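Student: I have a structure open and I'm not sure how to read it. Can we go through a few features together, one at a time?

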Amino acid sequence: MTNVAHPTTRARRIRNALLASVFTLGVAGAAGGALLSNSHMAFADPVRVDAVAPADFSAIVEQVAPAVVSVQVKTEVAAVSDRSAPQGMEDLPPGLQEFFRRFQMPGDQGQGDNPGDNREPFHPRHGMSQGSGFFITDNGYLVTNAHVVEDGTGYTVLMDDGRELDAKLIGKDVRTDLALLKVEGHDFKYVKFATDQPKVGQWVLAVGNPFGLGGTVTAGIISAEGRDIGSGPYDNFLQIDAPVNRGNSGGPTFNIHGEVVGVNTAIFSPSGGNVGIAFAIPASTVSEIVGDLKDRGVVTRGWLGVQIQPVTDDIAKSLGIENTHGAIVADATSHGPAEGAGVKTGDIITKVNGTDVAGPKELSETIAKLEPGAKIKLTVMREGHEQSLDVTLGNLNDFDKSQVASADSNDQSATPDQHGSLAALGVTLEQNPDGEGVRVASVDEESPAADKGLQKGDVIVAVGSKPVNSVADVEAGVASAQDQGRDAVLFRVQGQNGSRFVGVPFERG
């Protein structure tokens with residue numbers, strides 16, 4: 001007779017075996033990489049980082065502080081009467097406004113409230129703003145932000161040793177928010193730009209003049225890189241968490257080697273004070289821009305002459321293409337370099353000189369780095385076919401937006417009160433009485449069109465690549481897209497902010 005263990009006994013044996021295995025597993029795990037019992041498996045070693053945080057930053061600060069300055073900017077302000085609220089005090093109660101009017105801070109000029117006082121009324125002629133800056137040469141060139149020196153009529157540099165020096169503006173570039181000043185003299189302590197790309201997680205020091213307090217040092221790390229904060233077409237900021245406040249603008253961000261990795265420019269703050277999110281222009285950008293300012297007083301950039309936007313999923317679907325790489329041309333400037341070379345509205349620019357273009361940002365940066373007059377080869381996707389176009393770039397500084405041609409109203413044959421509805425897309429259309437295209441009379445807030453940003457008052461000037469001048473034209477274009485099996489229809493829309501493409505998906509019932 002076969003000896004069969006009682007179920008309870010068998011369960012106890014299984015439990016004991018499992019506990020032994022778990023114990024063996026735990027010991028092996030603690031040993032870090034030890035072999036499991038009766039197994040050829042091994043644990044991978046955990047990540048181990050041998051990094052030493054600096055004990056303090058005093059040695060770095062001692063070396064770099066003399067190169068960092070306070071930049072004081074004299075500005076013109078509008079004249080006000082002696083009965084107006086002092087600048088910045090408009091929201092105070094009248095009694096407090098009168099108090100500040102009577103007792104001006106030292107340096108301000110005003111009058112008392114004596115009716116017999118024959119002095120001139122209170123007319124401040126100048127204001128004063130301030131920021132930070134730093135020397136980049138021993139003969140007096142220093143960097144700050146363009147917004148620090150904006151509208152300045154005079155500039156004073158307050159040195160680390162207390163000296164005050166007059167400065168002149170060499171040039172500024174508002175597109176990158178950088179400016180270059182110059183003071184007379186030599187043997188200034190200066191700092192250099194870092195040549196190595198900073199890494200997320202590295203220590204940084206922000207040195208500057210927050211709230212006009214004088215030289216102040218704060219420490220933190222690089223939190224992120226490549227940030228686009230919507231301040232311009234060339235956004236590529238470092239994000240740091242070192243405390244940065246008003247007055248720090250234009251000051252340097254240092255690495256632990258005392259090299260400048262960025263220029264403090266903006267903060268994100270609902271309250272106006274530091275919340276640990278600050279943005280600095282990378283040293284690579286600063287070095288390039290101030291080099292142009294030093295040599296020429298201005299920054300020269302290549303100009304293609306196109307208004308561009310990303311190729312969204314809906315736009316790709318409406319065009320029947322699979323990828324969203326490149327930048328779609330919403331409009332080509334009349335008589336601009338691109339139009340002269342044959343670039344058309346609706347083209348998707350995918351390459352410049354054989355290098356892929358990921359999107360509008362990359363295209364803008366690539367063109368801006370090229371010199372005016374440079375000859376380039378654009379690769380465009382047009383109606384599903386790739387084409388190459390040779391373009392000679394213009395000079396962005398010569399571009400005058402007032403010269404952009406607007407559409408003329410040449411076709412007066414359409415009936416002004418012509419209306420129509422594209423119920424499937426959620427829009428009602430009417431003939432545009434002001435010129436070409438068809439105006440959006442209303443948009444259903446719950447419709448696909450509203451989701452994609454189509455608004456009342458927008459003018460649809462083309463469906464796909466075909467211009468439209470009547471509601472019937474739009475309806476025919478939508479029907480054609482449906483017949484081709486497209487998942488969306490592409491509208492070229494003229495709105496308050498210029499021309500753009502809107503891909504509106506079809507609702508599937």
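Tutor: Sure! Let's begin with a loop: Asp187 sits in the loop between strand 6 and strand 7. Keep in mind that this is a predicted model.

Student: What is the phi of Asp187 near?

Tutor: Phi of Asp187 is near 60°, a positive value in a residue other than glycine. His335 is another case, with a positive phi near 65°. You'll find His335 in the loop between strand 15 (327-332) and helix 7 (337-340).

Student: Are Asp187 and His335 buried or exposed?

Tutor: Go by relative accessibility: over 50% is called exposed. Asp187 counts as exposed because its value is 62%, and His335 counts as exposed because its value is 74%.

Student: How far should I trust the model?

Tutor: Look at pLDDT, the predictor's confidence in each residue, from 0 to 100. The protein averages 78, and 76% of the residues score at least 70. Among the elements, strand 3 (residues 141-144) has the highest mean pLDDT, 97, while helix 3 (residues 94-102) has the lowest, 45. Over residues 18-37 the pLDDT is below 50, and that stretch has 21 contacts in the model beyond near neighbours in sequence. Residues 95-123 also have a pLDDT below 50, with 39 such contacts.

Student: Back to strand 6, then. How many of its residues are buried?

Tutor: Six of six, in a strand that runs over residues 178-183 and is mostly covered. Now check which way the side chains go. Leu178, Leu180 and Lys182 point one way, Ala179, Leu181 and Val183 point the other way, and all are buried.

Student: Which strands pair with strand 6?

Tutor: To read pairing, look for bridges between two strands. Strand 3 pairs with strand 6 in the antiparallel sense over four bridges, and Thr144 stands opposite Ala179 in strand 6. Strand 5 (residues 164-173) is also antiparallel to strand 6, over six bridges. There, Leu169 stands opposite Leu181.

Student: And what do strand 5 and strand 6 form together?

Tutor: A hairpin, with four residues between the two strands. In the turn, Asp177 has a positive phi of about 60°.

Student: Where else can I practise on pairing?

Tutor: Try strand 8 (residues 216-227). Six bridges join it to strand 7 (residues 203-208), and the two run antiparallel. Ala206 has Thr218 in strand 8 as its bridge partner. Strand 8 also pairs with strand 9 (residues 237-240) in the antiparallel sense, over three bridges. For that pair, look at Arg227, whose bridge partner in strand 9 is Phe237.

Student: How many salt bridges does the structure hold?

Tutor: Ten. The general idea is that side chains of opposite charge can pair when their charged atoms come close. Start with Lys361 and Glu365, whose closest N and O atoms are 3.2 Å apart. Both lie in helix 8, four residues apart, about one turn of the helix. Lys361 is partly exposed because its relative accessibility is 22%, and Glu365 is partly exposed because its value is 22%.

Student: Which salt bridge links distant parts of the chain?

Tutor: Take Lys377 and Asp390, with closest N and O atoms 2.8 Å apart. This pair links distant parts of the chain: Lys377 is in strand 18 (residues 375-382) and Asp390 in strand 19 (residues 385-392), 13 residues apart. Lys377 is partly exposed at 38% relative accessible area, whereas Asp390 counts as exposed at 55%.

Student: Why does Glu430 count as buried?

Tutor: Buried means under 20%, so Glu430 counts as buried at 17% relative accessibility. The side chain of Glu430 meets that of Arg439 in a salt bridge (2.9 Å, N to O). Arg439 counts as partly exposed, at 23%.

Student: Let's finish with contacts. What does Ala368 touch?

Tutor: For contacts, leave aside neighbours within four places in sequence. Ala368 is then in contact with Tyr234, Thr300, Arg301 and Gly302. Ala368 lies in helix 8 (residues 360-368) and counts as buried at 11% relative accessibility. The C-alpha atoms of Ala368 and Pro233 are separated by 9.8 Å, though these residues are 135 apart along the chain.

Terms used: Residues are numbered from 1 along each chain as its sequence is written. This is a predicted model: local features need pLDDT of at least 70, side-chain atom pairs count only at pLDDT 80 or more; totals for chains, interfaces and linings use all residues. Side-chain values use heavy atoms; hydrogens and water are left out. Buried means under 20% relative accessible area, exposed over 50%, partly exposed in between (1.4 Å probe, protein chains only). Contact means heavy atoms within 4.5 Å. Two strands pair if DSSP finds at least two bridges between them. A salt bridge is a side-chain nitrogen of Lys or Arg within 4 Å of a carboxyl oxygen of Asp or Glu.
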